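Student: Could you take me through the sheet in this model, along with the helices that pack on it? I would like the geometric criteria spelled out as you go.

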Amino acid sequence: MKYAVSVSNLQKSFKGCRGGSPLHVLKGVSFNIPKGSIFALLGSNGAGKTTAVKILSTLSKPDDGSASICGYDVVREADNVRACISLTGQYAAVDEALTGRENLEIIGELKRIPNIKSKTDEWLKEFDLTDAATRPVSTYSGGMRRRLDIAMSLMGNPQVIFLDEPTTGLDPQNRLAVWDMVRGLANEGTTVFLTTQYLEEAEYLANRIAVLHTGVIIAEGTLEELRKLIPPAKKEYIEVQPTLEEIFLKIIGENKEGGPND
């Protein structure tokens, strides 16, 4: 299996309010993600990023087109898809009344992971949470909660993990820590699907980047390939390569039209 994620002509619409025109959120989206790579999906609010993630993680069904994860169709083989993925949303899905250890153990028991006590010790150490393991999560910092959330998502070693804006609200130090964690996942063979509002995050992490605008992929490639879309600026006879933010704003500026909510 060459691709961990394959998407072809994905389409999704929602009914308009009070009999109005339907909202076409995805209008024929296609892309492939190689195994063990980091793929970043960029887009303004309302571009369709969250809708795409919901379809790929089996939380919603497409109107048309197809998608497969780990070789399984997201509609016909949803149970198999769920067994090989994990999803981390924008906000940490942790129980603040429990300790970090208890949060991990509950997820481990739900996933029927053997030797859960020793596995929990490993995860706490891996995510630098051992010293805080017996404290209620309500006392954790934002960065600690995010690390715990990702640790919970990774229990059971999913082949594909969806990270929906994983560093929202984190300070620069914790953001860098999460970035290093994401790179480590890919180095170990996990395929990472990343959505983010921080363009420097995609610039730092992603092997490939796609720009989703009003339901359509309007650009896709490596950072170097996307840079070729805009000529480099010259300052005092020094050639300066455009940043990903400049590329993004240039691309969506050339494709202006109203779009539905994300």
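Tutor: Happy to; here is the sheet, followed by its edges and its helices. This is a predicted model, in which local features need pLDDT of at least 70 and side-chain atom pairs count only at pLDDT 80 or more, while totals for chains, interfaces and linings use all residues. Residues are numbered from 1 along each chain as its sequence is written, and side-chain values use heavy atoms, with hydrogens and water left out.

The sheet is open and has six strands, in the order β6-β7-β8-β3-β9-β10, with mixed pairing. Helices (H or I, at least four residues) and strands (E, at least two) are DSSP runs, numbered from the N terminus, and two strands pair if DSSP finds at least two bridges between them. At the edges stand β6 (85-88) and β10 (216-221); each has a single partner strand, so one side of each lacks a neighbour in the sheet. From one strand to the next, the twist averages 15 degrees. Angles run from 0 to 180 degrees between N-to-C directions, and axes are lines fitted to C-alpha atoms, for helices over the stretch in contact.

At the β6 edge, four bridges connect this strand to β7 (residues 160-164), and the two run parallel. One bridge pairs Ile85 with Val160 in β7.

Now the helices, where contact means heavy atoms within 4.5 Å. Helix α6 (residues 172-187) packs on the sheet and touches β3, β7 and β8, its direction making about 130 degrees with that of β3. Helix α1 (residues 49-56) lies across β3 (38-42), β6, β7, β8 (191-195) and β9 (208-213), and runs at about 150 degrees to β8.
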